[in-house]
Every structure is written in structure tokens, then in C-alpha cells.
Amino acid sequence: MNILDKIKLGKILLSDGAWGTLLQAQGMNPGECPELWNITHRKEVLGIAKSYLLSGSDIIGTNSFGGSISKLSQYGLEGRVRELNEAAAAISREAAGNNRHVAGSVGPTGKMLLMGDVTENELYDGFCQQVIALEKGGADIIIIETMSAIDEASLAVRAARENTRCTVIITMTFERNGKGDFHTMMGVSPEEMVISMKDAGAHIVGSNCGNGMEEMIGVVNAIRAIDKTIPVIIQANAGIPEYIDGKTVFRESPEMMASFVPELLKAGVNIIGGCCGTTPEHIKVFSKVLSDSF
Ligand SMILES: [Zn+2]
């Protein structure tokens, strides 16, 4: 069944947690290209996907967050966009089988239209390459994540809508400004996100990263204040990062994060997952809370 039909039936769906930290735990060194691991360490990447599915994820992401041509070119891999993204989706599809969903992950390119780093056509063409390869590898969803600029996010959503049959999710990263309102780094509010991303063709909107679970309740409220029906996804960090001995540490335990799930549900969320610092253990505890609340 299509994910949008499941949501229409009132199902609350679970996505996955962080991948980067799990790749590091498998031995990936700083400075390595994570997406290259889809070829060189296929078994390890498959193991990460499986660990989330075993924890109860209905939707599993792909190891392709940095799979845009501009990010891959930093490693001299600009000629391998199709290969690395297709492999990413194929690995997650192998783990998910046919009954669960594969969400092909698309992250920011690091290029800004505003600064003249890149043209609209270049950005659009780059996103097209990536999303077509993700669908070919087996993704039934494209998730465009950690976005902060409307123009870049719109081009990514349009690329996915115009070139694939996938359900399209877009999530932006918000922080509170001095007045307590949520804005992205580029000044976009949750309300502006909903209006412009619906206009670009997104099926599902929401937020990932930047905040822990508690703050995300406010983000959902802001979205629901202007749109009662669009499906909403939240993928929170395991709290605010702390820097200890040169390392970034996220301290929120699965239980702490899960304690906010009932309030998130009340606010009107449809899909819950995790971002930085979350693990299969977090997803397992979310899953338990969800099954207890229905
Ligand atoms: Zn994150």
C-alpha cells in the first residue's frame, strides 16, 4: 500500500534514526565519503538498514544524504552519482523487502543560489540525476532532508515530482530565534515551508535535525496552525549536541525522547523518526510507545 494511503487510514508510521554514527561505529573514518561505502562496504551498510527494520521502522532511509553531484565532487566522485545512489537504494530495498518503504535520502548540496554558487538549472539537473537513480535502485519515497533554503528545496521537490513516481517528503531544519519563533538558517518559518513546498508538489512536510523531540512539538504546532491535513514527519535529534573531549555527544536516551511521543501525536504528527544521535534502540522504544498508545 502507498504510504499516503496508510496515513489516510490513520496509521502512525515509524522511520529510522541516524546513519552517520553507525557507519563510524563500523569503522568509517572522518574524511571518507559515506556514499562510497555503498560499494566498498555493502555488507556493513546493509547491516545498518536491517538494524532499523528489526527495531520496527516502517520506512528506512538510504545512505545517500551526501549523494548530490556537488557533495560527491569533493571526493572526486562526481562521475559516480548514479552508481552510488542506485546502490544506496538497492541496499535499503534488499533489507526492507516489499512490505516496507524505502526513502531515498537527498541532502543539501552545499551550494547557494543566493550567493551565485550555482544556477537553478545546474541544481535541478543534479537533483534529477540523484532522484532518478534512487528510484531505479528501489526507493518508493524521496526524502529531501535538512534543507534551509526555499529555492534549493523547491528545485529538489520539483526534480523528484517531475522525474519519479515516488512519494516526496521534504524536511527543513529549524531553530528558535530570539523571539522564540522557529526559522531555518536562511530565515524560513515552518508556515512558509508548508506553503512553498506544497506549491512545489511535496506530499509530506516536516522537520529533521536541529532540535530534540520536545522542541519539535512546537514545530508541528506551527505547521498545523496553517495546514490541518498535510502529512507531517518529525525526525528529531537525541537532544542538543554537547562537545566532550572533541567529540559531539547526544545525550537524550530513547526513553527521554519517547516520553514526548504522545504530545507529538496530539499535535498532529504522522511519521516519527530520529536524526543525529538516534540509534536503533531509540526507534525500538518509539515503536513500543506507539503500540501502547493504540
Ligand atoms: Zn541531524
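Student: Which residues coordinate the zinc ion, and at what distances?
Tutor: In this predicted model, the donors of the zinc ion follow the spacing C-x65-C-C along the chain. Each donor is an SG atom, and these belong to C209, C275 and C276, at 2.2 to 2.3 Å.

Student: Is C275 buried or exposed, and how does C276 count?
Tutor: Buried means under 20% relative accessible area, with partly exposed lying between that and 50%. C276 has 27% relative accessibility and therefore counts as partly exposed. C275, at 13% relative accessibility, counts as buried.

Student: In what order do the strands of the sheet run, and which strands stand at its edges?
Tutor: The sheet is open and is formed by 8 strands with parallel pairing, in the order β1-β12-β9-β8-β5-β4-β3-β2. Each edge strand has a single partner strand, so one side of each is left without a neighbour in the sheet, and these strands are β1 (13–14) and β2.

Student: What is the bridge partner of L13 in β12?
Tutor: Strand β12 (residues 271–274) pairs with β1 in the parallel sense over 2 bridges. Within β12, the bridge partner of L13 is I271.

Student: What angle does the direction of helix α13 make with that of β12?
Tutor: Helix α13 (residues 280–292) packs on the sheet, where it touches both β1 and β12. Helix α10 (residues 213–226) lies across β8 (204–208), β9 (232–236) and β12, and runs at about 160° to β9. For α13, the angle with the direction of β12 is about 155°.

Student: How far apart are the end C-alpha atoms of helix α6, and what span should its 16 residues have?
Tutor: Helix α6 covers residues 81–96, and at 1.5 Å a residue it should span 22 Å. The helix is followed by G97, whose phi is positive, near 65°. The expected span agrees with the distance between the end C-alpha atoms of α6, which is 23 Å.

Student: Which elements cover the buried residues of α6?
Tutor: The buried residues of α6 include V81, L84, N85, I91 and R93. What covers the buried residues of this helix includes α3 (37–40), α4 (42–54), β2 (59–60), α5 (69–73), β3 (101–106) and α7 (120–137).

Student: At what angle do the axes of α6 and α7 cross?
Tutor: α6 passes α7 in a right-handed crossing. The contact is made by residues including V81, N85, A89 and R93 of α6, together with Q129, I132, A133 and G137 among those of α7. The two axes come within 7 Å, and they cross at roughly 35°.

Technical notes. Residues are numbered from 1 along each chain as its sequence is written. This is a predicted model: local features need pLDDT of at least 70, side-chain atom pairs count only at pLDDT 80 or more; totals for chains, interfaces and linings use all residues. Side-chain values use heavy atoms; hydrogens and water are left out. Donors are N, O and S atoms within 2.8 Å of the metal (3.2 Å for Na, K and Ca); water is not among the atoms, so sites may look incomplete. Buried means under 20% relative accessible area, exposed over 50%, partly exposed in between (1.4 Å probe, protein chains only). Helices (H or I, at least four residues) and strands (E, at least two) are DSSP runs, numbered from the N terminus. The expected span of a helix is 1.5 Å times one less than its number of residues. Contact means heavy atoms within 4.5 Å. Two strands pair if DSSP finds at least two bridges between them. Axes are lines fitted to C-alpha atoms, for helices over the stretch in contact, and angles run from 0 to 180 degrees between N-to-C directions. A crossing is left-handed if the near helix is turned anticlockwise from the far one by less than a right angle, and right-handed if clockwise.
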